[in-house]
Amino acid sequence: IPRTLTPLRHSLGESDLFVAVKTTRKYHRSRLDLLLRTWISRSREQANGNRSRYTEKKTRNHRTSSINQNISEWKFFLQTYVFTDTEDEKARKILGDRLINTNCSAAHNRQALSCKMSVEYDAFIKSGRKWFCHVDDDNYVNNNALRSTLSSFHHSQDVYLGRPSLDRPIEAVERLSSRVSHSVNFWFATGGAGFCLSRGLALKMTPWASSGVFMSTAERIRLPDDCTVGYIAEALLGVPLTPCALFHSHLENLQQIPLAELHRQVSKPGILQRSGVDCPNREEELSRHLVDSLDEGTIHINYLPYSSRNKSGLT
Ligand code: UDP
Ligand code: MN
């Protein structure tokens with residue numbers, strides 16, 4: 001299946017994107033290592049773009065073996081920043097200052113997660129880049145597709161792009177003071193599938209997001225970090241979520257995507273879980289498979305049903 005390159009309407013260079021990956025201490029070996037060997041390392045190669053898949057095919061064997069050789073030789077991390085909660089010598093060697101120790105707690109609670117989002121936001125603002133995209137560490141990002149998707153928008157417009165988490169707006173209770181609260185409805189993009197904000201919108205979010213204020217905003221509605229982004233964009237600023245079906249999380253069944261459409265998808269669950277337990281060997285195997293499939297434009301993955309935690313689809 002030929003890989004078709006869509007012409008860029010607002011051509012995006014390597015340093016226009018800021019992709020923030022959220023991770024945590026316990027996932028450094030089982031998840032982060034895998035990302036460093038796959039799509040994070042390939043960011044620059046793909047950003048340079050325009051290599052035909054035939055050229056890629058020829059170099060594939062060589063590339064696969066160099067992945068195994070010396071990971072520290074990979075220096076293609078121009079757009080990807082990893083936000084975690086601990087120091088990590090191995091990841092630091094590879095990522096340099098693109099590994100950001102947020103000093104947030106390593107707990108999986110609302111405060112800890114919105115603490116990370118708050119640090120991601122500040123780092124993006126400081127970077128001066130055009131687009132902020134957030135992904136989890138169990139996601140595979142197709143940099144080419146991401147760039148081509150973003151290039152149909154302008155970074156100075158108000159753009160909030162992602163996959164709606166629910167099929168209706170979420171109803172939240174906004175607590176304005178200890179006595180005053182009222183209900184608010186808004187759409188939000190699920191963090192697990194990845195979402196993007198234009199710089200224009202991100203700057204408008206400053207009063208509710210910068211320098212840690214994001215955490216108090218999250219407390220105001222007592223919802224997770226990705227909901228809080230939707231709350232600020234839609235409910236506070238009136239900027240609606242632009243739904244994009246090219247972002248995917250592990251809450252979906254990816255086998256429904258036609259093979260010919262696969263290479264256009266922006267993000268995919270790169271790591272699978274069963275009953276809430278990670279399976280590192282299986283992850284490794286499947287993620288390699290995903291990367292290879294993407295190169296070939298085909299997919300033949302036997303997805304394990306994602307059955308962990310019967311959640312409301314909030315994360
Ligand atoms: N995460 C985190 N701190 C934790 C647990 C998870 O920062 O204590 C991050 C994790 O690295 C991932 C995201 O939160 O990027 C979602 O975690 P996970 O995939 O385990 O949960 P789910 O997607 O099922 O909510
Ligand atoms: Mn996940």
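The paragraphs below go through the sheet, the core and one helix pair of this predicted model.

The chain contains eleven helices and 13 strands. Of its 315 residues, 43% count as buried. Among contacts with a separation of 6 or more, 74% are between residues 24 or more positions apart.

Seven of the strands make up an open sheet with mixed pairing, and their order is S3-S2-S1-S4-S9-S6-S10. The edges are held by strand S3 (99-101) and strand S10 (242-243); each has a single partner strand, so one side of each is left without a neighbour in the sheet. The partner of S3 is strand S2 (residues 80-84), and these two pair in the parallel sense over three bridges. One residue pair here is Val-82 with Leu-99, its bridge partner in S3.

Moving inward from S2, the next strand in the order is S1. S1 and S2 run parallel and are joined by four bridges; Ala-20 has Tyr-81 in S2 as its bridge partner. On the other side, S1 is joined to strand S4 (residues 131-136) by six bridges, again in the parallel sense. Val-21 stands opposite Val-135 in S4.

How many residues of strand S1 (residues 17-22) are buried? Six of the six are, so the strand is largely enclosed by the rest of the structure. The burial applies to both faces: Leu-17, Val-19 and Val-21 lie on one side, and Phe-18, Ala-20 and Lys-22 on the other.

In soluble globular proteins, nonpolar side chains tend to be buried together. In this model the largest nonpolar core has 66 residues, of which Phe-132 and Cys-133 touch the most other members. Helix H5 (residues 110-127) supplies the largest share of this core, six residues. Apart from neighbours within four places in sequence, Phe-132 is in contact with Phe-18, Ala-20, Phe-124, Cys-196, Leu-197 and Ala-202. Two of these contacts, Phe-18 and Ala-20, are on one face of S1.

The last part concerns a pair of helices. Two packed helices are described by the angle between their axes and the distance between the axes. For helix H9 (residues 213-221) and helix H10 (residues 225-236), the axes come within 9 Å and cross at roughly 90°. H9 and H10 are therefore roughly perpendicular to each other. Phe-214, Thr-217, Ala-218 and Ile-221 of H9 meet Asp-225, Cys-227, Thr-228, Tyr-231 and Ile-232 of H10. By class, this contact has six nonpolar, two polar and one charged residues.

Terms used: Residues numbered from 1 in each chain as written. Chains lettered and ligands numbered in written order. Predicted model: local features only at pLDDT ≥ 70, side-chain atom pairs only at ≥ 80, totals over all residues. Pairing = 2+ DSSP bridges. Axes fitted to C-alpha atoms, helices over the stretch in contact; angles between N-to-C directions. Parallel < 35°, antiparallel > 145°, perpendicular 65-115°, else oblique. Contact = placed C-beta atoms within 7 Å. Nonpolar A, V, L, I, M, F, W, Y, C, P; charged D, E, K, R; others polar. Buried ≥ 20, exposed ≤ 12 C-beta atoms within 10 Å, placed from the backbone. Core = buried A, V, L, I, M, F, W, Y, C linked by C-beta atoms within 7 Å.
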